[in-house]
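Biologist: I am new to this structure and would like a close look at a single part of it. Could you take one strand, walk me through its surroundings, and then set beside it whatever else helps me find my way?

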Amino acid sequence: MEIFHDIKSLQKQLNLLRSNGKTIGFVPTMGALHNGHLSLVHKAKAQCDISVCSIFVNPTQFNEKSDLDKYPRTLEADQKLLQTAANDIIFAPSANEMYPDGTAIKHQFDFGYLVKPMEGATRPGHFEGMAQVVNLLLDIVQPDALFMGQKDYQQVAIVRRLLKLTNKTNIKLVMCDIIRDEDGLAMSSRNRRITAENRTIASQIHKTLIAAKHNRLEYTIDILKQWAMESLSMMGFKPIYFEFVDAETLKPVKDLHNDGKGIVACVAAWLGEVRLIDNMIIS
Ligand code: AMP
């Protein structure tokens with residue numbers, strides 16, 4: 001496995017590989033890796049000749065400086081994990097390397113409604129920063145396929161639109177399943193900040209999604225949403241949203257009986273100091 005910190009040497013190596021006919025699968029991450037990230041690397045390895053995993057805590061997608069400061073940085077451990085996953089190349093640039101002219105957002109993409117609800121409503125500027133860095137990374141790596149987790153469902157929908165808006169439709173976007181701990185908690189780099197006491201509560205977020213899916217034909221959307229928000233509160237979360245949305249447009253759905261269309265239940269909640277998100281495709 002090779003590690004590059006600068007764009008030029010990475011591109012030199014990738015050009016060489018490409019000229020030898022190798023296909024490139026790309027996994028962008030912010031590090032503090034866990035099995036969820038490694039599952040993306042495994043998918044990339046299964047579908048492409050070479051896997052490139054980027055590790056970059058992107059400052060422009062954090063709307064709160066304290067969240068950026070607290071974000072775990074564990075490059076050495078990440079390297080070891082990626083080695084075990086037989087990853088080929090790590091790209092771990094500095095902020096200076098990525099943003100030599102400063103971090104101001106240069107391209108304003110029109111994502112329409114996709115950036116409005118849920119994470120967009122509660123984390124202003126987050127998706128603009130995410131799209132900026134993903135676009136930059138794609139220009140640098142020029143992969144054949146891009147591997148992203150369903151864990152961040154709204155992010156995948158926005159990146160799908162980004163590929164269209166930037167004429168990068170030659171890049172195949174692969175959405176990978178959510179990897180969970182044994183009790184159902186979706187793996188996340190933020191989970192290591194959950195206190196031991198709260199860790200026993202944390203899996204209830206997944207159980208609430210399962211119950212909503214199970215009961216979707218028995219109750220109205222409003223009742224289910226109210227029930228989910230109230231039960232999360234009672235269990236010790238501070239719920240932020242619980243929404244049933246169209247799988248493509250992310251617009252709120254009105255009818256859970258419509259099985260012909262994809263519907264995703266999405267949830268965000270604070271548990272102590274940690275903001276958790278999860279989702280489930282329910283039809
Ligand atoms: P992050 O480092 O949190 O920006 O995540 C990098 C990539 O890993 C994103 O595409 C995430 O959706 C994906 N990811 C994070 N957690 C999981 C998980 N539990 N299962 C699958 N993919 C995940």
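Modeller: What follows starts from one strand, β3, and then turns to the ligand and to a separate sheet. Please keep in mind throughout that this is a predicted model.

Strand β3 spans residues 50–55, and six of its six residues are buried. In a regular strand the side chains alternate between the two faces of the sheet. In β3, I50, V52 and S54 lie on one side, while S51, C53 and I55 lie on the other, and both faces are covered. Buried here stands for under 20% relative accessible area, and this applies to the residues of either face of β3.

Next come the strands with which β3 pairs. Strand β2, residues 24–29, runs parallel to β3 and is joined to it by six bridges, and within this pairing G25 stands opposite S51. Strand β4, residues 89–91, also pairs with β3 in the parallel sense, here over three bridges, and in this case V52 of β3 stands opposite I89 of β4. S51 and V52, which face these partners, have already appeared above on opposite sides of β3, both of them buried. There is also a helix to add to the picture, since β2, helix α2 (residues 35–47) and β3 together make a right-handed β-α-β unit.

The ligand is the next stop. It is surrounded by 17 residues, of which the closest are M30, G149, D152, I179 and M187. For three of these, a backbone N or O atom can be placed against a particular kind of ligand atom: that of G149 lies 2.9 Å from an oxygen atom, that of I179 lies 2.9 Å from a nitrogen atom, and that of M187 lies 2.8 Å from a nitrogen atom. Taken alone, the ligand exposes 490 Å², and the protein buries 93% of that area.

For orientation elsewhere in the chain, there is an open sheet of three strands in the order β7-β8-β9, and its pairing is antiparallel. β7 (238–246) and β9 (274–281) stand at the edges with a single partner strand each, so one side of each has no neighbour in the sheet. On average, and with direction ignored, neighbouring strands of this sheet are turned by 10° against each other. Strand β8, residues 263–271, is joined to β9 by eight antiparallel bridges, and L271 stands opposite V274 of β9.

Note on methods:
Residues numbered from 1 in each chain as written. Predicted model: local features only at pLDDT ≥ 70, side-chain atom pairs only at ≥ 80, totals over all residues. Heavy atoms only, no water. Buried < 20%, exposed > 50% of the residue type's maximum accessible area, 1.4 Å probe, protein only. Helix = DSSP H or I, 4+ residues; strand = E, 2+ residues; numbered from the N terminus. Pairing = 2+ DSSP bridges. Right-handed = clockwise from strand over helix to strand, strands pointing away. Near = heavy atom within 4 Å. Polar contact = N/O pair within 3.5 Å; in protein donor to acceptor, adjacent residues only side chain to side chain. Areas by Shrake-Rupley, 256 points an atom, 1.4 Å probe, with all protein chains shown as cover. Axes fitted to C-alpha atoms, helices over the stretch in contact; angles between N-to-C directions.
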